[in-house]
Amino acid sequence: MAYPTTTEHHKLYPFTSIMASPYFGDPTGTSNCAAAIELLKANQSNSGTIYIPKGTFKIATNLTIPIGMTLEFASGASFTISAGITLV
């Protein structure tokens, strides 16, 4: 499935997918997706909704989701959080 670029996406949806360009989150659970989420947070000024599509997304770095931002998980979407890592 191809995901639209950030600009195209904002015209169509009230959220941004972790797999949209330039974030390219890895749905296989192999690569750390925390940097993709941090970049998405910065580009959305720490507000709005991050869409997590079907897949397993690895979080291997501490991550905080700000109060003005939400995560929306599709059916079959999940995070795998490495030992000792916090997600707040």
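**Close-up views of a predicted model**

**View 1. A look at Glu38, a partly exposed residue.** At 35% relative accessibility, Glu38 counts as partly exposed, because that label covers everything between 20% and 50%. Keep in mind that this is a predicted model. Glu38 has a partner here: Lys41 forms a salt bridge with Glu38, and their closest N and O atoms are 3.2 Å apart. Lys41 itself counts as buried, at 7% relative accessibility. How far apart are the two in helix α2? They are three residues apart, which means about one helical turn separates them. An α-helix has 3.6 residues a turn, so residues three or four places apart point the same way. If you go looking for other salt bridges, a search of the whole structure finds just this one.

**View 2. The two sides of helix α2.** Which residues of α2 are buried? They are Ala34, Ala36, Ile37, Leu40 and Lys41. These residues cover an arc of only 160 degrees around the axis, so they sit on the same side of α2. Turn to the other side of α2 and you meet Ala35 and Ala42, both exposed. Just after the helix comes Ser45, with a positive phi near 55 degrees.

**View 3. What lies over the buried side of α2.** The cover for the buried residues of α2 includes strands β1 (16–17), β2 (28–32), β3, β4, β5 (69–73) and β6. Zoom in on Ile37: setting aside its neighbours within four places in sequence, Ile37 is in contact with Ile18, Ile50, Ile59, Leu63, Ile65 and Phe79.

**View 4. Inside the largest nonpolar core.** This core has 21 residues, and those touching the most other members are Ile18, Ile37, Ile50, Ile52, Phe57, Ile59 and Phe79. Which elements give two or more residues to the core? They are α2 (34–43), β3 (48–52), β4 (55–59) and β6 (77–81). The largest share, four residues, comes from α2. As a bit of background, nonpolar side chains tend to be buried together in soluble globular proteins.

**View 5. Stepping back to the whole chain.** The protein has two helices and six strands, and along the sequence they follow the pattern α-β-β-α-β-β-β-β. Of its 88 residues, 38% count as buried. Take the contacts between residues at least 6 apart in sequence: 41% of them join residues at least 24 apart. As for the outside, the accessible surface comes to about 4,900 Å², and 57% of it belongs to carbon and sulfur atoms.

Conventions
Residues are numbered from 1 along each chain as its sequence is written. This is a predicted model: local features need pLDDT of at least 70, side-chain atom pairs count only at pLDDT 80 or more; totals for chains, interfaces and linings use all residues. Side-chain values use heavy atoms; hydrogens and water are left out. A nonpolar core is a set of buried Ala, Val, Leu, Ile, Met, Phe, Trp, Tyr and Cys residues joined through side-chain atoms within 4.5 Å. Buried means under 20% relative accessible area, exposed over 50%, partly exposed in between (1.4 Å probe, protein chains only). Contact means heavy atoms within 4.5 Å. A salt bridge is a side-chain nitrogen of Lys or Arg within 4 Å of a carboxyl oxygen of Asp or Glu. The arc is that of the directions from the helix axis to the C-beta atoms. Accessible areas come from the Shrake-Rupley method with a 1.4 Å probe; for residues, only the protein chains shown count as cover.
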